[in-house]
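Let's take a friendly walk through one protein chain. Keep the picture open beside you while you read.

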Amino acid sequence: MQHRQLKDFPDGFLWGAASAAYQVEGAWNADGKGESVWDVFTREPGRTFKGSNGEVAVDHYHRYAEDVALMAEMGMKAYRFSVSWPRIFPDGRGTPNEAGLAFYDRLIDALLANGIEPVLTLYHWDLPQALQAEYGGWEDRRIIADFAHYCVTLFQRFGGKVKYWVSLNEQNYNLTNAYQLGTHPPAVQDRKRFFCANHHAFLANATMIAAFRQHVPQGQIGPSFAYSPAYPASSAPADMLAFENAEEFTNYWWLDTYCFGRYPQAALAHLQAAGEAPDILPGDEAILRNGRPDFIGVNYYQTLTFTENSLDGVTMQRINTTGQKGTTPASGVPGLYKTAPNPNLTTTNWDWSIDPTGLRIGLRRLASRYALPLMITENGLGEFDQLEHGKVHDSYRIDYLRSHLHACREAITDGVDLIGYCAWSFTDILSWLNGYQKRYGFVYIDRDETDAKTLQRIPKDSFYWYQGVIANNGADV
């Protein structure tokens, strides 16, 4: 579609930015917090870039007031953050840790005092280590009840102050790394266990959403999905079939289950024939159908292009975590699909394709298939930012964000109900496996992988650009 004139962003649009507890908070054992799986995993040699971890991170736990003041200076309308499960329940269950709850009370109250809508993510990968050790975390059905107990505690505490909630963040990306690539805890490579863990996560998500309806009836909740819309490498029928396979196994497997309460048919049939399907017990399908979301959170960074893959072809491969451009190998599932370069797109130093039109395509696909409002819960550019004479000139990030916001405006004109945009991220953060060198933030943090340094907050050029975007409600994009 080509438009002579684009629609404006809607009134009340949630202009925001995002973070995650483990990546920003630090204070890993402060005030009664228990260990998460990431606290343990990052101490194992070779797991992360230069052994980086979130023990201090960017010290948001102690500096949240300073960070919220910067958000207010920017004019942000929303801040998406996650709650650390082991900060609330050090052992995963039991009596909640009041000091942990009080921290999030202070953060939420500070946001509201500055006119910033809190968008609370319930789970952003920091599973309590106690539950992983006791029964294997997401591989055991006991986690459904423990997760629901944790979530209801937050609903009861914060439900009167928080309207927008995100249930599970990037279940697809996290569990793929955890159970297929072996690069997230518990570092397993087993497709049967992968689909088992996912099934329990789906049940936990749906069970928790059903409880949400009772405790926060005026609220809105949805999962945050790492969405990479699929493209075929060519119009050859074999590539078109590979594209269909990829879309079903890498996107619809999660989105259909969240939104329709059922698995996509062809993918489930394939897994049943291969002996890799999850064990679906009586009553599971009813639970899934009863826990459908109010909106879909979209974490968009890139599209992926697919071609055919033989039965003895390419298997799943680890991604580039060093920033050495051109080092990402082809990755796939034999007999289904494998990735291929897209000659029409440029890439970042981490080999992620830069494709704003892909965002528009993806938003349209989701809106047409699921007929739900959408919120962009992550979108941003990780790069090697340099501090020069007290400033960071990140024009490349401004270009990236501007082009993607323009795509959002085109999608709105196409009819997509887009309610917000939370850039990733507000400050620089720990980038999980990539350390601190891969910087995403509007605000530079003075630290690196091995030295926390001063942790000084320094707004980048993109900070002031986004300030202007928010002030005119995106009229210039």
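## Cysteines, strands and unusual bonds

At a relative accessibility of 0%, Cys151 counts as buried. Please keep in mind that this is a predicted model.

Is Cys151 bonded or unbonded to another cysteine? Cys151 takes part in no disulfide. The nearest cysteine sulfur belongs to Cys259, and it is 18 Å away. A disulfide needs two cysteine sulfur atoms within 2.5 Å, so a gap of 18 Å rules out a bond between these two. Now look at Cys422, which is buried too, with a relative accessible area of 0%. Its closest cysteine sulfur sits in Cys408, 11 Å away, and that is too far for a bond. For the structure as a whole, the number of disulfides is 0.

**The chain as a whole**

Step back for a moment and take in the full chain. Its secondary structure comes to 15 helices and 14 strands. The radius of gyration is 21 Å, close to the 23 Å that the globule rule gives for 477 residues, so the chain is as compact as a globular protein of that length. Along its principal axes, the C-alpha trace spans about 55 × 55 × 45 Å.

How much of the chain is buried? Of the 477 residues, 60% count as buried. The accessible surface comes to about 17700 Å², and carbon and sulfur atoms make up 50% of that area. Contacts also tell us how the chain folds back on itself: among contacts with a separation of 6 or more, 76% join residues that are 24 or more positions apart.

**Strands side by side**

Next, find strand β8, which covers residues 304–307. Which strands pair with β8? One of them is β6 (residues 230–232), which runs parallel to β8 and is joined to it over 3 bridges. Within this pairing, Ala230 has Leu304 of β8 as its bridge partner. Another is β10 (residues 337–340), which pairs with β8 in the antiparallel sense, again over 3 bridges. Here you can spot Phe306 standing opposite Thr339 of β10.

**Bends worth finding**

Some places in the backbone deserve a slower look. Two cis peptide bonds are set out in this table:

| Peptide bond | Omega | Place of the second residue |
|---|---|---|
| Pro185 to Pro186 | near 15 degrees | Pro186: loop between α8 (171–181) and α9 (191–215) |
| Trp424 to Ser425 | near 5 degrees | Ser425: loop between β12 (418–424) and β13 (443–445) |

Two further residues have a positive phi although neither is a glycine. For Glu170, phi is near 45 degrees. You will find Glu170 in the loop between β4 (164–169) and α8. Is Glu170 buried or exposed? With a relative accessibility of 7%, Glu170 counts as buried, because the cut-off for that label is under 20%.

For Asn473, phi is about 55 degrees. Asn473 lies in the segment after α15 (461–471). Its relative accessible area is 22%, so Asn473 counts as partly exposed.

How values were computed:
Residues are numbered from 1 along each chain as its sequence is written. This is a predicted model: local features need pLDDT of at least 70, side-chain atom pairs count only at pLDDT 80 or more; totals for chains, interfaces and linings use all residues. Side-chain values use heavy atoms; hydrogens and water are left out. Two strands pair if DSSP finds at least two bridges between them. Helices (H or I, at least four residues) and strands (E, at least two) are DSSP runs, numbered from the N terminus. Buried means under 20% relative accessible area, exposed over 50%, partly exposed in between (1.4 Å probe, protein chains only). The radius of gyration is taken over C-alpha atoms; the globule rule is 2.2 Å times the number of residues to the power 0.38. Contact means heavy atoms within 4.5 Å. Accessible areas come from the Shrake-Rupley method with a 1.4 Å probe; for residues, only the protein chains shown count as cover.
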